[in-house]
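Open the model in your viewer and keep the sequence panel visible. The stops below are given as selections, each followed by what is found there.

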Amino acid sequence: MPKIYFIDVTNRDGVQTARLGLSKLEKTMINIYLNEMGVFQSEFGFPTTRHEINYLRANLELVEIGVIKPLRLEGWIRAIPADVEITFRNVPNINYLNLSISTSNQMINGKFQGRKTHDDIIKDMTEAVTAARTYGAESIGANAEDASRTDLNYLIEFGLAAKEHGADRLRYCDTLGYDNPFTIYDNVRTLAEKVGIPIELHCHNDLGMAVANSIAGAMGAIDGGQDAYINTTINGIGERAGNADLIAVILAAMKSKDITERYELAGPIDLSKAWKISKFVSYAFGVPIPINQPGVGANAFAHESGIHADGVLKDPENYELYNYEELGRGDPEFVETGREISTGEYSGISGFSHIMSQLEVPVKFPDREKANEILELVRYANVESQKPLVEDELLFIAKYPGIAKKLLTLTPMV
Ligand SMILES: [Zn+2]
């Protein structure tokens with residue numbers, strides 16, 4: 001029986017979003033949290049973008065030393081051989097890639113404006129797949145951008161060519177959020193049956209259906225005999241109206257009517273990390289979690305009206321579909337209301353040592369030299385993030401100063 005996998009694309013689609021961005025340390029923390037949750041893969045960045053190189057290499061080092069394991073770190077590039085070449089020059093030990101190219105008439109005419117034909121698109125993509133294989137990529141996804149507005153027969157042709165050249169998966173991108181659950185189910189089921197490789201669902205939320213479409217698409221892939229890989233972002237952050245929210249997709253895949261009887265997740269997901277990852281990403285992007293966000297919104301387990309409050313007190317199942325503890329909620333949160341010392345790019349050793357000694361897991365440095373070394377890295381991390389670091393970030397820097405140093409090294413002059 002084919003299964004459902006999750007590929008989170010916060011570190012690629014999320015950071016592409018207008019007005020929003022993440023520091024390299026924040027991106028790293030997201031990879032670590034996704035790994036803890038049991039997510040299959042993180043689309044961790046752009047190997048052809050120079051300021052990403054040190055971050056990508058440093059994260060692959062975290063894979064090597066077992067800090068990020070078994071999460072797969074996959075890079076996203078355009079499906080052209082030149083990008084594959086640059087990728088392996090910049091990040092030689094990258095193992096997983098997704099190669100993206102537009103497939104709809106709208107994009108071929110409107111974006112390439114006569115520079116590429118339908119045959120050119122397939123030629124670029126297959127050459128890129130072959131190049132990635134030659135360089136040693138372990139797994140390759142061929143992405144059809146704007147798949148939902150692409151002629152289905154051409155999409156099948158694109159998928160078959162990708163498969164023939166060694167692609168492991170076909171990414172069906174509902175780039176503009178144009179599909180609905182019924183159309184995506186039909187399209188993806190046909191693709192799964194006719195192309196015969198696993199399908200990725202990449203859904204946007206322009207019509208408010210990203211989560212529903214992701215689930216329906218996954219059902220289509222599985223009913224068509226193939227594994228389904230749902231693309232998500234944390235808190236649904238992504239281009240325009242965003243992507244399918246990670247927590248909502250997981251909840252839907254685990255809790256929706258009849259779904260667990262008919263479909264299976266590829267591996268266990270630790271939902272109890274949901275609260276932490278959602279709060280961290282909200283802080284990192286500087287975007288509040290909507291009050292009515294599934295699972296993690298402030299009102300997700302709040303009851304006020306008489307009938308509801310009475311009902312939930314008698315038996316939570318009267319008005320709650322799942323339990324807040326499952327999502328890692330319920331602990332009171334400590335908010336400082338008096339004197340507060342925080343980290344910053346101009347922090348000094350005394351304030352910094354105080355902060356480190358007050359952590360839940362206090363850090364004591366063997367000598368002043370070591371403390372100064374870590375403080376220096378914390379200052380650089382603050383230059384990038386422009387806000388106080390969270391406890392996990394401080395602990396990460398204290399534990400892996402060498403890797404933190406790489407993450408924080410940006411060298412545009414070289
Ligand atoms: Zn996207």
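The tour goes from domains to helix pairs, then to backbone details and single residues.

**Before selecting**

This is a predicted model, in which local features need pLDDT of at least 70, side-chain atom pairs count only at pLDDT 80 or more, and totals for chains, interfaces and linings use all residues. Residue numbers start from 1 along each chain as its sequence is written. Helices (H or I, at least four residues) and strands (E, at least two) are DSSP runs, numbered from the N terminus.

**Stop 1: the two domains**

Select 4-275 and colour it as domain 1, then 349-407 as domain 2. These bounds come from an automatic or database domain assignment. Taken over C-alpha atoms, the domain centres are 34 Å apart.

Now show the contacts between the domains: 12 residues of domain 1 meet nine residues of domain 2. Here, two residues are in contact if their C-beta atoms, placed from the backbone, lie within 7 Å. On the domain 1 side, helix 2 (24-37) and helix 3 (53-64) are the elements that give two or more residues. Helix 3 gives the most, with six residues. By class, the domain 1 side has five nonpolar, three polar and four charged residues. The classes are nonpolar for Ala, Val, Leu, Ile, Met, Phe, Trp, Tyr, Cys and Pro, charged for Asp, Glu, Lys and Arg, and polar for the others, Gly among them.

**Stop 2: Ala 58**

Stay on helix 3 and select Ala 58. Is Ala 58 buried or exposed? Ala 58 is buried, because 21 other C-beta atoms lie within 10 Å. The cut-offs are 20 or more other C-beta atoms within 10 Å for buried, 12 or fewer for exposed, and in between for partly exposed, with C-beta atoms placed from the backbone. Add Ile 403, Lys 406 and Leu 407 to the selection: Ala 58 is in contact with these residues, leaving aside its neighbours within four places in sequence. Measure from Ala 58 to Leu 407, C-alpha to C-alpha: the two are 349 residues apart in sequence and 6.1 Å apart in space.

**Stop 3: helix 4 and helix 6**

Select 81-90 (helix 4) and 118-135 (helix 6), whose axes are 8 Å apart and make an angle of about 20 degrees. Axes are lines fitted to C-alpha atoms, for helices over the stretch in contact, and angles run from 0 to 180 degrees between N-to-C directions. Helix 4 and helix 6 are therefore roughly parallel. Angles under 35 degrees count as roughly parallel, over 145 as roughly antiparallel, 65 to 115 as roughly perpendicular, and the rest as oblique.

The crossing of these two helices is right-handed. That term applies if the near helix is turned clockwise from the far one by less than a right angle, and left-handed if anticlockwise. For side chains, show Pro 81, Asp 83, Val 84, Glu 85 and Phe 88 of helix 4 against Glu 127, Ala 128, Ala 131, Ala 132 and Tyr 135 of helix 6. This contact divides into seven nonpolar, no polar and three charged residues.

**Stop 4: helix 7 and helix 8**

Move to helix 8 (181-195), whose axis comes within 10 Å of that of helix 7 and crosses it at roughly 40 degrees. Helix 7 and helix 8 are therefore oblique to each other. Their crossing is right-handed. Leu 152, Leu 155 and Ile 156 are among the helix 7 residues in the contact, and Thr 190 and Leu 191 are among those of helix 8. The contact has six nonpolar, three polar and two charged residues.

**Stop 5: backbone exceptions**

Most residues other than glycine have a negative phi, and most peptide bonds are trans. Three places to check follow.

- Arg 19: phi is positive, about 75 degrees. The residue is in the loop between helix 1 (10-16) and helix 2, and is exposed, with 7 other C-beta atoms within 10 Å.
- Asp 146: phi is positive, about 65 degrees. The residue is in the loop between strand 5 (139-145) and helix 7 (152-164), and is buried, with 21 other C-beta atoms within 10 Å.
- Lys 69 and Pro 70: a cis peptide bond joins them, with omega about 15 degrees. Pro 70 is in the loop between helix 3 and strand 3 (72-78).

**Stop 6: Tyr 346**

Finish at Tyr 346, in the loop between helix 13 (306-314) and helix 14 (349-357). Tyr 346 is exposed, with 9 other C-beta atoms within 10 Å. From Tyr 346 to Glu 317 the C-alpha distance is 51 Å, with their positions 29 residues apart in sequence.
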